[in-house]
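Student: I have a protein model open and would like to learn how to read it. Could we go through it together, feature by feature?

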Amino acid sequence: LRKNVEDFTGPRERSDLGFVTFDITADILNRKNGLQTFRNKNTLIIFDWNVKQLFLYLSAEYSTKNNALNQVVLWDKIMLRGDNPRLSLKDMKSKYFFFDDGNGLKGNRNITLTLSWNVVPNAGILPLVTGSGHVSVPFPDTYETTKSY
């Protein structure tokens, strides 16, 4: 769903506002994700002694004629030690506004959604890990009209 609305945060022009509903299925324990994990009694452990939490986020990346690279965070979640590291989320809505600084969402055929996360340690560096999968979605060629109530 996409609308063309007034954007009062910048120039007095209309901008595209995207609404995204998505499903996420991810196994954070999977070694293909690039994290170092350790085996303990046949169980992979991502939360070792120095991992406090994970900061997960879903981002959209796309290009327009005005900008070669646009990146927008749509959703995030903090995963604490003891939480289930296997995500299965259905019919999620974006947590943050998906504004484009123009009309770059209309008819854009290559908006790539990627799940990434930061490992938040008790001490030390803060590594950034990107999931091994992503999906590209097309946006419609027409605007959704606002209903009057």
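Tutor: Happily! Let's start with salt bridges: a salt bridge is a side-chain nitrogen of Lys or Arg within 4 Å of a carboxyl oxygen of Asp or Glu. Keep in mind that this is a predicted model. With that rule in hand, look at aspartate 141 and arginine 109: they form a salt bridge, and their closest N and O atoms are 2.8 Å apart.

Student: Where in the chain do aspartate 141 and arginine 109 lie?

Tutor: Aspartate 141 is in the segment after β11 (128–137), while arginine 109 is in the loop between β9 and β10 (111–121), so this pair ties together parts that are 32 residues apart in sequence. Aspartate 141 is partly exposed, at a relative accessible area of 44%, and arginine 109 is partly exposed too, at 49%.

Student: How many salt bridges does a search of the whole structure find?

Tutor: The search finds three. Another one joins the side chains of aspartate 27 and arginine 86, at 3.7 Å from N to O. That pair links distant parts of the chain, with aspartate 27 in strand β3 (residues 21–27) and arginine 86 in strand β8 (residues 86–93), 59 residues apart.

Student: And which residue forms a salt bridge with lysine 95?

Tutor: Aspartate 76 does, with 2.6 Å between the closest N and O atoms. Lysine 95 sits in the loop between β8 and β9 (98–99) and aspartate 76 in strand β7 (residues 70–80), so to speak distant parts of the chain, 19 residues apart.

Student: Is aspartate 76 buried or exposed?

Tutor: For this you need a cut-off: buried means under 20% relative accessible area. Aspartate 76 has 13% relative accessibility, so it counts as buried. Its partner lysine 95, at 49%, counts as partly exposed.

Student: Let me step back to the whole fold. How many helices and strands are there?

Tutor: The protein has 11 strands and zero helices. As for burial, 39% of the 149 residues are buried. You can also ask how far apart in sequence the touching residues are: among contacts between residues at least 6 apart, 64% join residues at least 24 apart.

Student: What about the surface? How much area does the protein expose?

Tutor: About 9,800 Å², and carbon and sulfur atoms supply 52% of it.

Student: Could we read one strand closely, say β6? Which strands does β6 pair with?

Tutor: Here is the general idea to begin with: in a regular strand, side chains alternate between the two faces of the sheet. In this model, β6 pairs with β10 in the antiparallel sense over 10 bridges, and 10 bridges also join β6 to β7, again antiparallel. You can follow single residues across: glutamine 53 stands opposite valine 120 in β10, and phenylalanine 55 stands opposite isoleucine 78 in β7.

Student: Why is β6 described as largely enclosed by the rest of the structure?

Tutor: Because nine of its 12 residues are buried. Take serine 59, which has its place in strand β6 (residues 51–62). Serine 59 counts as buried because its relative accessibility is 16%. Leaving aside residues up to four places away in sequence, serine 59 touches Val72, Val73, Leu74, Thr112, Leu113 and Thr114.

Student: The last thing on my list is aromatic rings. How do I read a pair of them?

Tutor: A pair of aromatic rings is described by the distance of the centres and the angle of the planes. The count in this structure comes to five aromatic pairs. One of them is phenylalanine 22 with tryptophan 75, which is edge-to-face, at 6.2 Å centre to centre and 75° between the planes. Phenylalanine 22 lies in strand β3 and tryptophan 75 in strand β7, so the pair ties together parts that are 53 residues apart in sequence. Phenylalanine 22 is buried, at 7% relative accessible area, and tryptophan 75 is buried at 5%.

Student: And what are the distance and angle for tyrosine 62 and phenylalanine 98?

Tutor: Their centres are 5.9 Å apart and their planes make an angle of 65°, an edge-to-face pair. Tyrosine 62 in strand β6 and phenylalanine 98 in strand β9 are 36 residues apart. Both tyrosine 62 and phenylalanine 98 are buried. Finally, look for Phe139, which forms one aromatic cluster with Tyr62 and Phe98.

Terms used
Residues are numbered from 1 along each chain as its sequence is written. This is a predicted model: local features need pLDDT of at least 70, side-chain atom pairs count only at pLDDT 80 or more; totals for chains, interfaces and linings use all residues. Side-chain values use heavy atoms; hydrogens and water are left out. Helices (H or I, at least four residues) and strands (E, at least two) are DSSP runs, numbered from the N terminus. Buried means under 20% relative accessible area, exposed over 50%, partly exposed in between (1.4 Å probe, protein chains only). Contact means heavy atoms within 4.5 Å. Accessible areas come from the Shrake-Rupley method with a 1.4 Å probe; for residues, only the protein chains shown count as cover. Rings of Phe, Tyr and Trp (its six-membered ring) pair if their centres lie within 6.5 Å; planes under 30 degrees apart count as stacked, over 60 as edge-to-face and the rest as tilted. Two strands pair if DSSP finds at least two bridges between them.
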